[in-house]
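Here is a short set of exercises to work through with the model open beside you. Try each task on your own before you read the solution.

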Amino acid sequence: MSQSVPAKLIKRPIRPATSTSPQAKRAVVSGTFGSALEWFDFAVYGAMSATVFPSLFFNELDPAMGLLASFAAFGVGFFARPLGGIVFGHLGDRIGRRKVLLTTFISMGIGSLVIGLLPSFSAIGFAAPLLLVLMRFIQGFALGGEATGAQLMTMEHAPADRRAFYGALMAMGSPISQVAANAMLALLSGVLSEDAFMSWGWRVPFLLSILLVAVGIYIRLKVEETPVFQEGKEELAEEATNPVTVLRTHGVTIARLILAYSPIVLTFYVVSVFGISYLTQHGFTRNQTFTIIMISNLLSVIAIWWGGRLADLYGRRRILVIGSVGTLVAALVFFRVVDLGNFPLTLAVVAFALVAAQFGNAGQGALFAEAFPTHMRYTGSALALTGSNLVFAAPAPFLASWLTGLNGGGTIYITVFWVAVIAAAIINMLLMGDGKTLEGGEHRFGRYVAATEAADEPARTGVMDR
């Protein structure tokens, strides 16, 4: 009786040595720069909604209601994101990624500039909060198309063995922007008096964004349309699609991706937005709070880098699960540690929460993109991404503030909710399968691959084409 001989295994390198095309490099620079700018504006707005906007734009309300109103205005951007995802996703699938990304970039810059110039409630009355909400809507609408489009533009230009990593570089825009925003706010709040900061200091980050927009547009004009989209034009010609078609054919997939991403966005916004308010109410100065958030986000940039590398090697879903487990641990201990009022311990728990979230976040871009065919990819990915942000991120600061107020300042209600959502998401992900490649082929995840398969993926096995 013959016995089968085990196939020889070849170890894959964590860092592939294949070359990257000039267009792929430009797409990375363009996408990372654009993502950082878009999220910088969102990060500044989030910080201001917890500290400045309640007294400037909602000062007719008592402090608790003013904070709730400010967080509600913060959430308007998230409600606009699915609409932006539908509109820009459909356009991106029909006319290409490049044109759409130029439009979203300019729109975000205009919204931020107007916020930076906006008079307070005491100067123009109810027009002030109304304009604030409108600009927040424009920001969210633009980001609904930007977040997904930047990922797709980059991944569709990227080498096949580095798509998760390149997608993860887009995710770096979020913590990088948090670092830049909180560093600037910490500096401004440290060198300016309280009156000066409340009068004009908070406007500086919004006004500076117009310079970044000009540079970003120049970079994006240098990036060509993606080869994957160009090749997929045949699918588009044979099967016209629209958001309704995408929902009808991939609705279950979109719903499962929405839940899968919930641990990341819920943790990020509870910690980075509501957490700012919570820390300042529990013994930490504004400068200390901004410093904690800044350092934690800086560390999470490293987590995204390695998460992206490992997602290409071991699978996108596995990295997202590992990060979600980390956020589950953080949710259980976060408020208890902050309540101690100890700076090093608080820094440690905030850093752990954001590092875990961003490590898992590294797998999101490729996981979402690979769940849809080319002619539905922008729309489907945008609906899943913006849907998760709408359901779980938008209400997070408001819900956390409301639940703690409902419990007399206690945090048990928000902790139970936080933990329950993450647990449900992990179960959902464990029951999901991995998607196909952007070209429709099968993935081979794992550190080792059979030698017989090496010829099919030289970049992954160390058998390099020089």
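The exercises below go from the whole chain to single helices, helix pairs and individual residues.

**Exercise 1. The chain as a whole**

Task: Describe the make-up of the protein chain in helices and strands, its burial and its contacts.

Solution: Keep in mind from the start that this is a predicted model. Begin with secondary structure: the protein chain has 22 helices and 2 strands. Next comes burial, where 59% of the 466 residues count as buried. Finally, take the contacts with a separation of 6 or more: 85% of them join residues 24 or more positions apart.

**Exercise 2. Helix α19**

Task: Check the span of helix α19 against the expected value, and decide how enclosed the helix is.

Solution: Helix α19 covers residues 374–393, which is 20 residues. At 1.5 Å a residue, the expected span is 28 Å, because the rise is multiplied by one less than the number of residues. The end C-alpha atoms of α19 lie 27 Å apart, in agreement with that expectation. For the second part, count the buried residues: 18 of the 20 in α19 are buried, so the helix is largely enclosed by the rest of the structure.

**Exercise 3. Helix α20 and its two partners**

Task: Work out how α20 is oriented against α14 and against α21, and which residues make each contact.

Solution: Start with α14 (residues 262–280) and α20 (residues 396–406), whose axes are 8 Å apart at an angle of about 70°. Angles of 65 to 115 degrees count as roughly perpendicular, so α14 is roughly perpendicular to α20. The crossing of α14 past α20 is right-handed. On the α14 side, the contact is made by L266, Y269, V270, V273 and F274, and these meet A396, P397, A400, S401 and T404 of α20. Sorted by class, that contact holds 8 nonpolar residues, 2 polar and no charged ones.

Now turn to α21 (residues 412–430), which packs with α20 at about 135°, the axes being 7 Å apart. This angle makes α20 oblique to α21. Here L399, A400, L403, T404 and L406 of α20 meet Y413, I414 and F417 of α21. The class count for this contact is 7 nonpolar, 1 polar and no charged residues.

**Exercise 4. A loop residue**

Task: Place T411 in the structure, say whether it is buried or exposed, and list what it touches.

Solution: T411 sits in the loop between α20 and α21. Its relative accessible area is 13%; the cut-off for burial is under 20%, so T411 is buried. Leaving aside residues up to four places away in sequence, T411 touches Y278, F335 and T404.

**Exercise 5. Far in sequence, brought together in space**

Task: For G173 and I110, find the helix, the accessibility class and the C-alpha distance to a residue far along the sequence.

Solution: G173 belongs to helix α8 (residues 173–191) and is buried, at 0% relative accessibility. Between G173 and F40 there are 133 positions of sequence separation, yet their C-alpha atoms are 7.9 Å apart. G173 touches S35, A36 and W39, again not counting residues up to four places away.

I110 belongs to helix α4 (residues 97–117). With 48% relative accessibility, I110 counts as partly exposed. I110 and I210 are separated by 100 residues in sequence, with 7.7 Å from C-alpha to C-alpha.

Notes. Residues are numbered from 1 along each chain as its sequence is written. This is a predicted model: local features need pLDDT of at least 70, side-chain atom pairs count only at pLDDT 80 or more; totals for chains, interfaces and linings use all residues. Side-chain values use heavy atoms; hydrogens and water are left out. Helices (H or I, at least four residues) and strands (E, at least two) are DSSP runs, numbered from the N terminus. Buried means under 20% relative accessible area, exposed over 50%, partly exposed in between (1.4 Å probe, protein chains only). Axes are lines fitted to C-alpha atoms, for helices over the stretch in contact, and angles run from 0 to 180 degrees between N-to-C directions. Angles under 35 degrees count as roughly parallel, over 145 as roughly antiparallel, 65 to 115 as roughly perpendicular and the rest as oblique. A crossing is left-handed if the near helix is turned anticlockwise from the far one by less than a right angle, and right-handed if clockwise. Contact means heavy atoms within 4.5 Å. Ala, Val, Leu, Ile, Met, Phe, Trp, Tyr, Cys and Pro count as nonpolar, Asp, Glu, Lys and Arg as charged, and the others, Gly among them, as polar.
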